[in-house]
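Biologist: I have the model open next to the sequence, and I'd like to go through it with you.

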Amino acid sequence: MSDRRTFLKLAAKTAAVTAASTMLPRFNIASAQSRPINIGFIPLTDCASVVMAQELGYFKKYGVTVNILKQASWANTRDSLLSGDLHAAHCLFSLPLSVYSGIGGPAGRELPIAMVINNNGQAITLENTFKAAGGDPKAAGEIIRKLIAQGKAPTFAMTFPGGTHDIWLRYWLAHAGVPQGKVGIITVPPPQMVANMKVGNMDGFCVGEPWGGVAVEQGIGFTHVTTQQMWRNHPEKALVLNKEFSARKDEVKAVMRAVLDASAWLDSLPNRRQAAKVISASRYVNAPADVIQDRLEGKYEMGGSIGTRQFLGDQMMFSRSGQTSMPRHAHAMWFLAQYARFGLVKQAPDYEAVADRLLMTDLYREVAKEAGLKLPTDDMAKIKTTLDGLTFDPKRPADFVRAHPIPV
């Protein structure tokens, strides 16, 4: 009951923030920029704040004309952001870090992170032959190691090299005691995950909802572990910008205000039900509305031998009274540390410099103040992951990497 009360309190607070923001002066920048702003999205539940900002008229409210454009893959999103075909996108939080580091794109290219779009709401889905492991990563690791010894190494899919799903997958493998070089790790666009596992192209995948829920509904796999069980309230998607567009400050602020309003609106349970119907349409996510709605509400039919689990307050969250939205330096540095830990980069990154270069935290603070949102004070706070209880100190990232080698 305490989790439910917490969620309801958050919903009440975010509703109040939305109401208050409607009384604030609107941006008046339409005359300064007549061209539409192109914002990309991938068919995932956590595109909801961008989609609903359009559907509810919040972009118009702040004086900007926006085109919401579906993208085929994260690689396509990256290319369109770099070229300027997209001005902004619903994007993996760590995609800009991956591109800048040369893992998932041309090293040194900048894609600024304006704000975080959501926490939580991703999952590792395993094929039903792993159901004996239930929700225990150690048990799953034992099964995987036996398969490797038999010459039947499984293959797992993620959505973008160095992206959040890639890191959740590798982090889970490390915790399960599985050498990453002895299993297959492939890249598959989110909407293609279920179809690919159905035909046997992989044994498991890490992706955002609704595709974990769809796999359960279709009976081809089960939700082994959610990412909120790995790191409660982790950053997941972000509003990522084309570098040149990031200099158009008034328009960027208008887009951010619209997404912030939609984020607050989404943290109300009744509104989530409405959003599920809207984003389920073929032009958006193209998935069953009931599957989207259940997991938005925290009702997880996990499948396999696990049964039903209720998440309240730590399911997919979009605002948390503004606590979700600020891009934290500690969070960026955590992902950079995983790159070093998992051998995705040849040498340790300049943690502080990369985070400073890519995060638009100062602009976010400015926008949050104008929106009447309380600013978080944990920009450089230590991070304790839920899955393994490990603590990451952003002031000493290299120490974390040295102290936690991965299985080989």
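**Loops, cores and cavities**

Modeller: Let me begin with P210, which sits in the loop between β8 (204–208) and α9 (211–217); helices (H or I, at least four residues) and strands (E, at least two) are DSSP runs, numbered from the N terminus. This is a predicted model, in which local features need pLDDT of at least 70 and side-chain atom pairs count only at 80 or more, whereas totals for chains, interfaces and linings use all residues. Residues are numbered from 1 along each chain as its sequence is written, and side-chain values use heavy atoms, with hydrogens and water left out.

Biologist: Is the peptide bond from E209 to P210 cis or trans?

Modeller: The bond from E209 to P210 is cis, with omega near 15°.

Biologist: And what lines the second largest cavity?

Modeller: Both of those residues do, since E209 and P210 are listed in its lining together with T45, V291, I292, R295, L296, Y300 and M316. Helix α12 (residues 289–296) supplies the largest share of that lining, with four residues. The volume of this cavity is about 40 Å³, and the structure holds two cavities of 30 Å³ or more. A cavity here is a set of points, on a 1 Å grid over the protein atoms alone, where a 1.4 Å probe fits but cannot get out, and lining residues have an atom within 4 Å of a point; the points are joined across faces, edges and corners, and the volume is the space filled by probe spheres set on them.

Biologist: Changing topic, where is E236?

Modeller: E236 lies in the loop between β9 (221–226) and β10 (237–241). E236 counts as buried because its relative accessibility is 0%, where buried means under 20% relative accessible area, with a 1.4 Å probe and protein chains only. Leaving aside residues up to four places away in sequence, E236 touches eleven-odd partners that include D46, C91, N118, N120, H165 and W168, a contact being heavy atoms within 4.5 Å.

Biologist: N120 comes up there; what is its phi?

Modeller: The phi of N120 is positive, about 65°, although N120 is not a glycine. N120 is in the loop between β4 (113–116) and β5 (122–127), and at 0% relative accessibility N120 counts as buried.

Biologist: Which other non-glycine has a positive phi, of about 50°?

Modeller: That is R320, placed in the loop between β12 (308–310) and α13 (329–341). R320 is buried too, with a relative accessible area of 15%.

Biologist: Now the largest nonpolar core: which members touch the most others?

Modeller: Of its 128 residues, F59 and W172 do, and helix α10 (residues 249–266) gives the most to this core, with ten residues. Such a core is a set of buried Ala, Val, Leu, Ile, Met, Phe, Trp, Tyr and Cys residues joined through side-chain atoms within 4.5 Å. Among the residues that F59 touches, beyond four places in sequence, are V50, A53, V255, A258 and V259.

Biologist: V50 is in α2, so to speak; how many of the residues of α2 are buried?

Modeller: Six of the eight residues in α2 (residues 48–55) are buried, namely A48, S49, V50, V51, M52 and A53. Their cover includes β1 (37–41), α3 (58–61), β2 (66–70), β3 (88–92), α10 and α11 (269–279). After α2 comes G57, whose phi is positive, near 80°.

Note on methods:
Buried means under 20% relative accessible area, exposed over 50%, partly exposed in between (1.4 Å probe, protein chains only). On a 1 Å grid over the protein atoms alone, a cavity is a set of points where a 1.4 Å probe fits but cannot get out, and a pocket is an open set with protein on both sides within 12 Å along at least five of seven lines; lining residues have an atom within 4 Å of a point.
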